[in-house]
Structures are given as C-alpha cells and as structure tokens.
Amino acid sequence: MTRRFVPFLAAAGLAVAAVVLAPTSGFPQAPASTPALKKRVTPQTSPTSGAEMFRAYCAPCHGVGGKGDGPAAAALKALPANLTLLAQKNGGVFPAQHVEQTLLHGLPLSAHGSGEMPVWGPALRAVSGNDDAVVRIRIRNLSEYLKNLQAK
C-alpha cells in the first residue's frame with residue numbers, strides 16, 4: 001500500500017469545519033513567531049475506531065479532548081477550533097453531514113478559514129488502499145467520535 005506524505009498540520013482537519021459553524025467575528029491568531037511544522041507519513045489506523053483516528057489525525061492540533069489545544073496548535077496561523085462546541089454552534093444539533101463532507105472534500109469557501117486544514121479524503125484513501133467504502137466508514141466513525149465529544 002502506498003502512503004502519501006501529508007503535512008503534520010493535516011491533523012487540523014476539523015478546525016475549519018468548526019470555524020465555518022462559528023460566528024464570523026474573526027479568527028484567533030497564533031503568536032507571531034511559530035515553530036515550523038514537519039511532514040510525516042499518514043499513520044495507519046483502524047477504520048472502525050473513531051477514537052484511534054482522532055488521536056492520530058486530529059489530536060496533534062485539536063488536542064486529545066478536541067478543544068484546540070494540541071501540541072501543534074501553536075505552529076498554525078489560525079488556532080484550531082474547539083471541536084466540542086460544534087453542536088452548540090449549530091443550534092444544539094451535531095452537524096454530522098457537514099463534518100463528513102468537510103473531511104472528505106474540504107470547505108467550499110476558503111473565506112471561512114485558512115487552507116491549513118487539508119482535505120482528509122486523499123490521505124484516508126491512501127491508508128485505506130483506495131477503497132471508497134473503507135474511506136466512508138472511516139469518515140463516519142470519526143464523525144461519530146466527534147459527536148460524542150460534544151459539550152453538554
């Protein structure tokens with residue numbers, strides 16, 4: 001199986017989804033001097049474990065709890081979103097379809113956030129052997145995990 005290289009900041013994946021759902025009062029800015037990000041191979045994870053995928057792909061930027069406080073957050077231009085507030089920012093309903101589409105295809109409007117959050121579809125295809133059914137399972141399970149992280 002071929003593995004693609006993706007930027008370490010690829011774990012910022014869901015930040016843009018949360019930013020789209022957030023009020024448009026601007027983006028919090030990271031400090032002016034930020035460390036450089038390193039490229040790494042997309043790690044292989046179980047397609048059935050949303051938690052494992054979150055830890056591998058999202059937690060470096062969003063933090064283990066999804067609050068935007070991961071170890072790579074300081075290296076980003078815009079700080080990662082607090083993913084535990086997606087439902088709260090969407091009238092109390094978790095926007096599963098929007099999250100899944102954002103993960104698979106990216107955001108439709110770049111004005112709603114930086115391009116730092118990559119589209120996860122190609123990376124997940126690479127670790128899934130280009131099997132679209134497995135990619136859909138991965139995306140759905142990751143979205144379900146995020147739904148369980150929502151603040152009550």
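**Entry 1: helix 3.** I began with burial in helix 3, where Val-99, Thr-102, Leu-103 and Leu-104 are buried (under 20% relative accessible area, with a 1.4 Å probe and protein chains only). Helices here are DSSP runs of H or I of at least four residues, and strands are E runs of at least two, numbered from the N terminus. I noted that Gly-106, just after helix 3, takes a positive phi of about 85°.

**Basis.** The model is predicted, so I kept in mind that local features need pLDDT of at least 70 and side-chain atom pairs pLDDT 80 or more, while totals for chains, interfaces and linings use all residues. Residues are numbered from 1 along each chain as its sequence is written, and side-chain values use heavy atoms, with hydrogens and water left out.

**Entry 2: helix 3 with helix 5.** I looked up the axes of helix 3 (residues 96-105) and helix 5 (residues 132-148), which come within 9 Å and cross at roughly 130°. Axes are lines fitted to C-alpha atoms over the stretch in contact, and angles run from 0 to 180 degrees between N-to-C directions. The two helices are therefore oblique to each other (neither under 35 degrees, nor 65 to 115, nor over 145). On the helix 3 side I listed Ala-96, Val-99, Glu-100, Leu-103 and Leu-104; on the helix 5 side, Val-135, Ile-139, Arg-140, Leu-142, Ser-143 and Leu-146. Contact means heavy atoms within 4.5 Å. I recorded 8 nonpolar, 1 polar and 2 charged residues in this contact.

**Entry 3: helix 2 with helix 5.** The axes of helix 2 and helix 5 come within 8 Å and cross at roughly 90°; the pair is therefore roughly perpendicular. I found Gly-50, Ala-51, Met-53, Phe-54, Tyr-57 and Cys-58 of helix 2 meeting Arg-138, Asn-141, Leu-142, Tyr-145 and Leu-146 of helix 5.

**Entry 4: Thr-45.** I then turned to Thr-45, in the loop between strand 2 (39-41) and helix 2 (50-62). At 7% relative accessibility, Thr-45 counts as buried. Its side chain is joined to that of Tyr-57 by a polar contact of 2.8 Å (N or O atoms within 3.5 Å, one able to donate a hydrogen and the other to accept it). Beyond four places in sequence, Thr-45 touches Glu-52, Met-53, Ala-56, Tyr-57 and Arg-138.

**Entry 5: helix 4 with helix 5.** I last checked helix 4 (residues 120-127), whose axis comes within 9 Å of that of helix 5 and crosses it at roughly 120°. Leu-124, Arg-125 and Val-127 of helix 4 make the contact with Asp-132, Val-135, Arg-138 and Ile-139 of helix 5.

Conventions:
Ala, Val, Leu, Ile, Met, Phe, Trp, Tyr, Cys and Pro count as nonpolar, Asp, Glu, Lys and Arg as charged, and the others, Gly among them, as polar. Buried means under 20% relative accessible area, exposed over 50%, partly exposed in between (1.4 Å probe, protein chains only).
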